[in-house]
Amino acid sequence: MRRQVAAPSRAPPALEATGRGRYNRPWRRATGAAEVTSGDHLRRLADLAATEALASLLAAAAAPGDVLALGGDLGAGKTSFARAFVTARSRLADVPPEEVPSPTYTLVQVYELPNGTIWHMDLYRIDRPDDAWELGIEDALGQAILLIEWPERLGASLPRDRLDVRLALPPDAAGDGARGGARLAALEPQGMLAPRLAAVARGWMAGAHG
Ligand SMILES: Nc1ncnc2c1ncn2[C@@H]1O[C@H](COP(=O)(O)OP(=O)(O)OP(=O)(O)O)[C@@H](O)[C@H]1O
Ligand SMILES: [Mg+2]
């Protein structure tokens with residue numbers, strides 16, 4: 001069962017009115033968020049299927065109470081990852097996968113599954129960490145699995161115990177063609193992340209899962 005949580009009243013300009021596409025959203029501020037630099041230890045996700053496989057792997061290891069911070073700039077694949085994660089958890093619970101829309105406007109989508117509730121959040125349009133708290137994160141923390149796009153919007157309120165999933169476009173990819181294929185990824189356990197999830201994350205970074 002999916003539940004939407006009402007978004008604050010700041011409405012974005014209508015895309016239909018401007019004719020602008022999804023990747024040209026003028027109200028979105030430029031950010032330096034979650035940049036992956038050449039010094040980082042990264043793995044390559046060859047295509048969307050590879051991103052989905054990573055999401056499925058982590059979904060199988062995750063449990064209510066886990067926080068996954070999905071970092072990366074516009075189009076890096078955060079929502080695609082979350083969609084595959086929710087779909088994989090649905091399959092594991094033996095319930096039909098449901099549609100997983102981007103929470104761009106609703107800010108939060110909640111999936112109440114037999115194997116635990118998932119909160120999927122997109123905090124891009126949050127201006128202050130307090131605004132995110134008004135969405136009721138504190139109710140979900142420790143109870144649900146949290147998938148948080150644009151986690152840096154939470155500032156110091158970002159849960160310390162979490163898995164950072166950092167996604168990026170390869171530096172050599174530019175323009176529209178960049179959306180068609182490879183991504184770079186880094187999994188970084190933070191704080192007291194549950195050992196079952198940390199072990200899978202470290203194994204994947206070491207190449208253990210193909
Ligand atoms: N390897 C890949 N991993 C993820 N997405 C990919 C990959 N290759 C191509 N894509 C495409 O790139 C797009 C990623 O969009 P998505 O909405 O997931 O990004 P996002 O990080 O959530 O962006 P936003 O910051 O706007 O929310 C999708 O159209 C997806 O099909
Ligand atoms: Mg997104």
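1. Let's start with the hairpin. Strands β4 and β5 form it, with two residues between them. The two strands pair in the antiparallel sense, over six bridges. For one example of the pairing, look at H120 in β5, the bridge partner of Q109. Keep in mind as you read on that this is a predicted model.

2. Now the overall layout. The protein chain has six helices and eight strands. Reading from the N terminus, their order is β-α-β-α-β-α-β-β-α-α-β-β-β-α. Of the 210 residues in the protein chain, 35% are buried. Taking the contacts with a separation of 6 or more, 73% are between residues 24 or more positions apart.

3. Helix α3 (78-92) deserves a good look. How many of its 15 residues are buried? The count is 11, so the helix is largely enclosed by the rest of the structure. The buried set is K78, F81, A82, R83, A84, F85, V86, T87, A88, R89 and S90. Among the elements covering them are α2, β3, β4 (108-113), β5 (116-122), β6 (145-149) and β7 (162-168). That list brings the two hairpin strands, β4 and β5, back into the picture.

4. The length of α3 checks out too. With 15 residues at 1.5 Å each, α3 should span 21 Å, and because its end C-alpha atoms are 21 Å apart, the two values agree. Just after the helix, D94 has a positive phi of about 65°.

5. Is R91 buried, partly exposed or exposed? This residue sits in helix α3. It has 14 other C-beta atoms within 10 Å, and a residue needs 20 or more to be buried and 12 or fewer to be exposed, so R91 comes out as partly exposed. Its C-alpha atom is 9.9 Å from that of S56, although the two residues are 35 residues apart along the chain.

6. Helix α2 covers residues 48-61, which makes 14 residues. The expected span is 20 Å, and the end C-alpha atoms are 20 Å apart, so this helix agrees with expectation as well. Which of its residues are buried? They are T51, L54, A55, L57, L58 and A59. Those residues pack against β2 (43-45), β3 (67-71), α3, β8 (183-190) and α6 (195-205). As a reminder for reading such a list, an α-helix has 3.6 residues a turn, so residues three or four places apart point the same way.

7. On to the nonpolar core. The largest one holds 50 residues, and L58, L68, F85, L146 and L147 have the most contacts inside it. Which element gives the largest share of this core? It is α3, with six residues. L58 is one of the buried residues of α2, while F85 is one of those in α3. As for L146, it touches V67, L68, W119, M121, A140 and L141, leaving aside residues up to four places away in sequence.

8. Last, the ligand. There are 21 residues around ligand 1, and T51, G77, K78, T79 and S80 come nearest. Which elements give two or more residues to this shell? The answer is α2 and α3. By type, the shell divides into six nonpolar, nine polar and six charged residues. Two of the nearest residues have already come up: T51 is buried in α2, and K78 is buried in α3.

Notes: Residues numbered from 1 in each chain as written. Chains lettered and ligands numbered in written order. Predicted model: local features only at pLDDT ≥ 70, side-chain atom pairs only at ≥ 80, totals over all residues. Helix = DSSP H or I, 4+ residues; strand = E, 2+ residues; numbered from the N terminus. Contact = placed C-beta atoms within 7 Å. Expected span 1.5 Å × (residues − 1). Core = buried A, V, L, I, M, F, W, Y, C linked by C-beta atoms within 7 Å. Near = placed C-beta within 6 Å. Nonpolar A, V, L, I, M, F, W, Y, C, P; charged D, E, K, R; others polar. Pairing = 2+ DSSP bridges.
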